[in-house]
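Please load the model in your viewer, show it as a cartoon with side chains available on demand, and keep the sequence panel open beside it. The tour below goes from one selection to the next.

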Amino acid sequence: MYYNNSTADFDKEKSFDNVYDLNISQFGIAAPISRGGGSSGLVSLNFGYSLSITNNFAGNAIIKGQLGNSSMVDYFMDYAQGIDYTELTGQEGMLFDTWMIDTLNNSTNSYASAFSNYGADANSTYGQDFRRIISSEGTNKEHSLSLAANFSDKIYLGFTLGISSVFSIYEYDHLETDSEDNIYPFNQFQYKEYVETNGRGYSLKLGAIIRPLEALRLGFAVHSPTVYRLNEYYKYYLSGSKDDGFFDEFESEDFSFSYTLVTPLRVTTGASLQLGKKGIVSADYEFVDYKMAR
């Protein structure tokens with residue numbers, strides 16, 4: 001079982017949320033392809049398949065409280081400043097269309113929000129309740145197809161083709177409400193984001209274990225970069241309402257992106273010494289080349 005617990009503390013107001021998920025983190029099977037006739041030469045050749053869940057993205061968090069001196073409307077409004085209202089696009093244009101922001105008198109590119117009654121009040125009035133929900137789901141899986149060979153019980157070689165699959169959904173829901181009707185003419189504002197990512201990646205792994213002595217094992221492995229081809233789907237939603245009953249909402253067009261992600265090269269080496277039946281002493285060294293990441 002996968003369990004994710006989150007605690008949020010906003011201005012001394014605590015919120016709790018959690019997610020449970022069935023999590024089969026690993027599954028594998030191995031079978032012999034052939035066996036040699038003795039203890040020299042090719043002693044055995046084996047095939048293996050395994051499925052590993054390398055990442056579980058399931059999570060949920062809720063944050064809530066009261067905003068004393070700010071709003072997400074202000075955040076988007078800052079990007080609108082200096083742009084003529086006829087050229088506003090994206091979230092800023094949606095704010096303008098839902099009357100969350102408007103131009104100041106005698107200006108076409110300076111803006112004020114509903115919290116200051118569009119500039120009519122000397123200072124903006126806040127104190128609205130807010131609730132933000134951040135949720136995610138999905139996994140990163142790796143399917144591995146492997147071959148392993150044993151030569152004379154002294155040299156063991158392994159080869160693995162890794163096929164990774166990625167699927168994730170990220171959702172963000174931000175809501176502000178003037179529940180006590182203290183902010184004229186503001187009533188409610190909501191902003192949502194949705195991001196879906198999916199794709200595949202491929203990698204190779206090579207490894208060897210050598211036993212020059214009965215009690216000594218030397219190991220070496222190279223993990224190639226995993227090359228992912230990812231597709232991303234993105235959209236957002238915005239709505240606003242005022243005390244006079246006005247309500248409007250907008251949903252963005254669907255944006256699609258495709259890109260390639262390359263993870264670093266990884267090299268490991270190590271040695272272990274078996275001390276009879278009393279124990280094992282081992283040491284490992286790992287090198288990761290982050291310069292190869294793209």
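Select F186, which sits in strand 10 (residues 186-213); helices (H or I, at least four residues) and strands (E, at least two) are here DSSP runs, numbered from the N terminus. This is a predicted model, in which local features need pLDDT of at least 70 and side-chain atom pairs count only at pLDDT 80 or more, while totals for chains, interfaces and linings use all residues. Residues are numbered from 1 along each chain as its sequence is written, and side-chain values use heavy atoms, with hydrogens and water left out.

With F186 still selected, ask whether this residue is buried or exposed. F186 counts as buried because its relative accessibility is 0%, where buried means under 20% relative accessible area, exposed over 50% and partly exposed in between (1.4 Å probe, protein chains only). Now display its surroundings, taking contact to mean heavy atoms within 4.5 Å: leaving aside neighbours within four places in sequence, F186 is in contact with M100, A114, F115, Q128, E176, T177, D178, S241 and D243. One of these, S241, is 55 residues away along the chain, yet the C-alpha atoms of F186 and S241 are separated by 6.9 Å.

Step back to P185, in the loop between strand 9 and strand 10. The peptide bond that joins Y184 and P185 is cis, with omega at about 0 degrees. Most residues other than glycine have a negative phi, and most peptide bonds are trans.

Two further selections concern phi. Y118, in the loop between strand 7 and strand 8, has a positive phi near 60 degrees although it is a residue other than glycine, and Y118 is buried, with a relative accessible area of 16%. W99, in the loop between helix 2 and strand 6, is likewise not a glycine and has a positive phi of about 65 degrees; at 35% relative accessibility, W99 counts as partly exposed.

From W99, move to the helix that it follows. Helix 2 (residues 90-97) is mostly covered, since 6 of its 8 residues are buried, namely Q91, E92, G93, M94, L95 and F96. Which elements lie over these buried residues of helix 2? The cover includes helix 1, strand 6 (101-103), strand 7 (111-113), strand 10, strand 12 (227-242) and strand 13 (247-251).

Next select S71, in the loop between strand 5 (59-66) and helix 1 (72-80). With a relative accessible area of 7%, S71 is buried, and apart from neighbours within four places in sequence it is in contact with F115, Y126, Q128 and E176. At the start of helix 1, a side-chain oxygen of S71 reaches to within 3.0 Å of the backbone nitrogen of V73. A polar contact of this kind is a pair of N or O atoms within 3.5 Å; within protein, one must be able to donate a hydrogen and the other to accept it, and residues adjacent in sequence count only if both atoms are side-chain atoms.

Continue along helix 1, where the buried residues are M72, V73, D74, F76, M77 and A80. Those residues are covered by elements including helix 2, strand 6, strand 7, strand 8 (129-151), strand 9 (155-177) and strand 10. Just after helix 1, select G82, which takes a positive phi of about 90 degrees.

For a last local stop, select S272 in strand 15 (residues 265-275). S272 counts as buried at 18% relative accessibility, and, not counting residues up to four places away in sequence, S272 touches A215, L216, R217, I280, V281 and S282.

Finally, zoom out to the whole chain. The secondary structure of the protein comes to 2 helices and 16 strands, and along its principal axes the C-alpha trace spans about 95 × 40 × 30 Å. Buried residues make up 34% of the 294 residues in the protein. Among contacts with a separation of 6 or more, 65% are between residues 24 or more positions apart.
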